[in-house]
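I opened this model to look up its sheets, its helices and a few single residues. My notes follow the order in which I looked.

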Amino acid sequence: MLRTLRSGVSCHASSSPAAATTSARIAASAAWTQSLFRARSAAVAPMATTAAVSSRALLTRDMSTTRAYVEDMSEKETIVKLLYNLGSKREIDQYLSLFSSVESHQFAVIKVGGAVLTDSLDSLASSLTFLNRVGLYPIVVHGAGPQLNGLLEDAGIEPDYIDGIRITDEKTLNIARKVFAEENLKLVEALERLGTRARPINGGVFTAEYLDKEKYKLVGKITHVNKALIESSIRAGALPILTSLAETPDGQIVNVNADVAAGELASVLEPLKIVYLNEKGGLFHGVTKKRIDVINLDEEYEDLMKEPWVKYGTKLKIREIHDLLMRLPRSSSVSIISADHLHKELFTHSGAGTLIRRGNRIFKYAGPKAVASTDVDKLRNLLQENDPQILDGSSSVASYLKSLESRNATVYGDTGYDIFASVITPADPTEPHIVEKFVSTKSAALNNVTDNLWSVLRKDFDNLAWVVRKNDPNLSWYFERADGSYTENDKVLFWSGVDNLNVVQKLVARLIGSSSSGTGPVKVNPAGSRSFTSTSAGVFGLQQRRGYASKTASVRKVGIIGARGYTGQELIKLIDNHPSLVLSHVSSRELNGKPVADYASASVTYSNLSPQDLPAHDDVDAWVLALPNKVCKPFVDALERVQSKAVVVDLSADYRFTDSWTYGLPELYGRDLIKKAIRISNPGCYATGSQVALAPLVKAGFVLPGLSGVSIFGVSGYSGAGTNPSPKNDVNLLKDNLMPYSLTGHIHEREIAHQLSRGFLSNSAPLEVAFVPHVGQFFRGISLTASIPVTKSVTPGDVQALYEEFYAGQKLIKVYKAGEIPEVRDIQNQHGVHVGGFGVGSAGKRVVVVATIDNLLKGAATQALQNMNLALGLDEYAGIPL
């Protein structure tokens with residue numbers, strides 16, 4: 001029952017054209033979204049509770065960190081980008097594409113319980129607004145049970161039920177009509193306060209006959225659904241908000257359970273999603289008490305209904321959902337979720353509630369007759385359309401299927417033939433089982449059928465090995481499921497459950513062929529870090545002001561490796577505005593083949609360059625490696641082997657302590673070395689700001705070397721944590737929070753001390769610095785507070801004068817007056833460093849300096865451009881808005 005991932009076989013996605021998607025990723029939360037929409041609405045309603053008031057105040061402050069973006073980008077693009085921290089960009093885009101591929105009324109029917117309207121109205125309105133901002137039109141059907149019970153009690157009417165159905169007499173119905181209208185209007189007004197058009201629909205949609213007039217009185221059974229009112233609302237750009245009241249053919253209003261009404265509506269509209277919102281946020285296992293992640297009805301329904309804890313309301317709910325989905329296409333699924341987590345449930349594989357879908361059963365056949373046991377025609381179609389070896393002509397379907405008959409093969413697939421795998425059991429029992437083919441449609445990948453089948457393989461076999469081409473678009477997926485890998489030429493060997501390196505060597509020799517050019521056995525991080533890949537996602541940032549109007553006649557070519565990360569995207573925009581640089585290559589595995597959206601100077605398409613590809617592009621004047629730490633070396637080695645004279649600027653920490661590389665911080669260590677360099681290590685973001693904060697005092701001899709007592713308190717926006725999901729970029733964890741990490745030994749702590757000592761303390765003991773980083777809930781920017789014991793008494797004015805003199809003429813360094821403290825909001829989207837504060841302790845022997853820096857610009861992309869300009873003989877500030 002329980003699933004770690006939302007694995008399971010599911011539906012076929014529509015083949016209609018997908019909606020266009022964007023290239024950036026940033027976190028979103030329901031509360032932040034609400035702040036965003038309230039800020040743009042003319043009428044802002046007061047919050048209902050003290051907690052909500054303080055939350056709104058906090059989120060309004062957060063709005064200042066994103067306002068610049070919102071002003072320069074379309075609202076839909078902005079909201080899409082807010083989705084990207086919920087999951088990978090790829091899965092967000094896949095779901096957006098899927099939801100946009102159907103008619104507007106076929107996206108989702110959302111049933112809202114009355115308790116949700118009472119307890120989570122703001123979150124619900126925010127979630128629905130969020131969906132509408134990306135062009136989606138959920139159809140809402142709401143109940144009002146708790147509210148109705150309260151009014152009935154006030155009227156002295158005791159609620160009565162038979163078989164769980166409310167007995168509805170005339171008095172009850174009159175009160176029900178009133179409460180339904182009030183609750184409906186309450187939700188509509190909440191949406192309109194956020195600037196979202198909504199239409200209250202209290203009747204005219206559901207036609208019903210009496211369910212059993214003698215038994216239940218004025219309770220209806222829906223016989224017809226009028227789609228016209230719903231479609232009219234959507235055409236007018238308004239979300240349809242429906243009550244569950246129905247009418248008989250002769251005009252009598254009757255009560256219908258909201259769950260039933262939502263199900264009948266879904267039966268007619270056949271939406272992709274049917275969502276039941278409740279305060280619990282899902283279905284919970286009766287024994288373990290844990291939330292059930294996913295239920296695949298085709299595989300689990302019969303056994304599930306036999307579970308002793310599945311009874312009463314739970315059994316009824318599961319049966320109703322089963323019966324509903326059996327009437328709908330396999331593309332439809334049901335989610336049970338809370339209003340707060342609706343976005344994550346809809347747009348990520350991992351989800352946040354309980355997902356229920358029909359799915360397809362997994363089949364398994366073994367032995368010489370395995371292939372004959374399948375539907376060979378459907379299998380042939382699957383392989384012909386999706387198997388790379390069949391598509392490139394290196395193999396044929398007939399020959400491959402024939403070969404399986406004479407080998408010890410086990411084949412797997414699903415009954416919809418969206419996926420197929422073959423596993424060969426080796427003659428040598430010490431070797432792992434070989435996954436020879438693992439082929440799926442895009443629909444199977446989107447619906448995580450791949451994860452479901454892989455889980456079956458891992459359950460059936462203790463060890464596995466498989467080979468994938470290095471240009472496979474799903475390479476990262478395989479890395480995440482492997483214990484180790486070996487790369488050689490255009491192939492990657494993976495293994496799982498194999499501990500003996502001698503066995504690995506045999507596999508290399510047999511499956512790839514031995515050669516000294518491989519990367520060697522590489523242990524893969526269980527979290528899914530991978531070799532030779534870029535970080536995953538784009539940037540959420542405003543379009544830069546142009547530094548120059550046009551390109552000059554003499555241009556230099558620049559290639560970027562790892563361009564999909566935040567920094568890579570910022571650098572693309574800077575180069576687009578540069579008078580003397582053009583982008584010739586932009587490499588990103590996941591964006592391969594797509595146009596570079598943020599580059600308007602020419603038509604450039606993302607490629608997927610391997611280290612071995614770089615030497616062939618000897619017309620490139622400069623390469624920028626915008627890759628994670630410990631990934632750049634193969635690219636550098638490939639250029640070194642051919643003694644390339646191209647400038648290489650590495651944004652990682654890999655070469656910041658390598659003497660043969662030039663450390664590129666022009667304001668502190670001069671320009672001359674950079675002008676002569678072809679291998680430049682770009683400083684880290686924290687390290688740049690910290691060194692700017694300390695350097696004048698260190699150079700003037702005010703700071704003792706060795707155990708100096710210098711400490712730095714650093715706080716960064718969560719873009720500094722990168723684009724791969726982690727606690728440090730999860731806004732739900734960061735909300736109302738400040739998260740310290742790497743309490744000792746952070747790489748920038750070493751970098752700060754090493755570079756300051758090398759630059760200014762060459763004849764004495766090296767400086768020692770204590771640095772503790774933190775992550776805040778804002779997106780970009782860094783604040784650094786440095787506490788610095790000094791060797792003689794100084795005044796704030798003395799410190800200010802020292803810094804003004806030191807940074808005189810430095811266009812990207814702004815020195816504040818003593819007592820003026822730089823703030824993060826003033827440095828965001830700026831290309832330099834602000835330094836100030838200059839507080840002095842009562843004895844004059846301790847100075848406190850505050851520095852701020854945009855981690856994506858002067859902390860990365862802008863500084864890289866400075867270094868490239870200098871190394872290529874160009875104006876240092878060319879292309880940089882000043």
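These entries go from the whole chain to its sheets, one helix, the cores and three residues.

**Ground rules.** The model is predicted; local features need pLDDT of at least 70, side-chain atom pairs count only at pLDDT 80 or more, and totals for chains, interfaces and linings use all residues. Residues are numbered from 1 along each chain as its sequence is written, and side-chain values use heavy atoms, with hydrogens and water left out.

**Whole chain.** I started with the totals. The protein chain has 31 helices and 36 strands. I took both as DSSP runs numbered from the N terminus: helices are H or I with at least four residues, strands are E with at least two. Of the 882 residues, 57% are buried. Buried means under 20% relative accessible area, exposed over 50%, and partly exposed in between, with a 1.4 Å probe and protein chains only. I put the accessible surface at about 35,600 Å², with 50% of it belonging to carbon and sulfur atoms. Those areas come from the Shrake-Rupley method with a 1.4 Å probe; for residues, only the protein chains shown count as cover. Then I checked contacts, meaning heavy atoms within 4.5 Å. Among contacts with a separation of 6 or more, 73% are between residues 24 or more positions apart.

**Eight-stranded sheet.** I traced an open sheet with mixed pairing, in the order β5-β8-β2-β1-β11-β13-β14-β12. Two strands pair if DSSP finds at least two bridges between them. β5 (198-201) and β12 (294-296) are the edge strands, each pairing on one side only. From one strand to the next, the twist averages 20°. Helix α12 (residues 297-305) packs on this sheet and touches β12 and β14; its direction makes about 95° with that of β12. I used axes fitted as lines to C-alpha atoms, for helices over the stretch in contact, with angles from 0 to 180 degrees between N-to-C directions. Next I looked at β13 (residues 333-337) and β14 (residues 354-357): they run antiparallel, joined by four bridges. I336 has T354 of β14 as its bridge partner.

**Seven-stranded sheet.** I traced a further open sheet, also mixed in pairing, ordered β31-β32-β30-β33-β36-β35-β34. β31 (739-740) and β34 (813-818) each have a single partner strand, so one side of each lacks a neighbour in the sheet. Six bridges pair β35 (residues 833-840) with β36 (residues 846-853) in the antiparallel sense. One partnership I noted there is V840 with V847 of β36. Two helices lie across strands here. α28 (residues 747-760) crosses β30 (706-716) and β32 (767-775), at about 145° to β32. α29 (residues 796-806) crosses β34, β35 and β36, at about 165° to β34.

**Helix α7.** Which residues of α7 (residues 145-154) are buried? I found Q147, L148 and L152. Seen down the axis, they fall within an arc of 135°, so they line one face of the helix. The arc is that of the directions from the helix axis to the C-beta atoms. On the other side, E153 and D154 are exposed. The cover over the buried residues includes α5 (114-119), β4 (165-166) and α8 (170-193). Just after α7, G156 has a positive phi of about 75°.

**Cores.** A nonpolar core is a set of buried Ala, Val, Leu, Ile, Met, Phe, Trp, Tyr and Cys residues joined through side-chain atoms within 4.5 Å. The largest has 56 residues, and L265 and L277 touch the most other members. Another core, of 52 residues, lies apart from it; V692, L697, V698 and L784 are among them.

**L328.** It sits in the loop between α13 (312-327) and β13. I list L328 as buried because its relative accessible area is 3%. Beyond four places in sequence, L328 contacts A266, S267, E270, I274 and R358.

**L574.** This residue is in helix α22 (residues 566-576). Its C-alpha atom is 8.8 Å from that of P881, 307 residues apart along the chain.

**D854.** Buried or exposed? D854 has 0% relative accessibility, so I count it as buried. It is in the loop between β36 and α31 (857-871). Leaving aside neighbours within four places in sequence, its contacts include R780, I827, N829 and G859.
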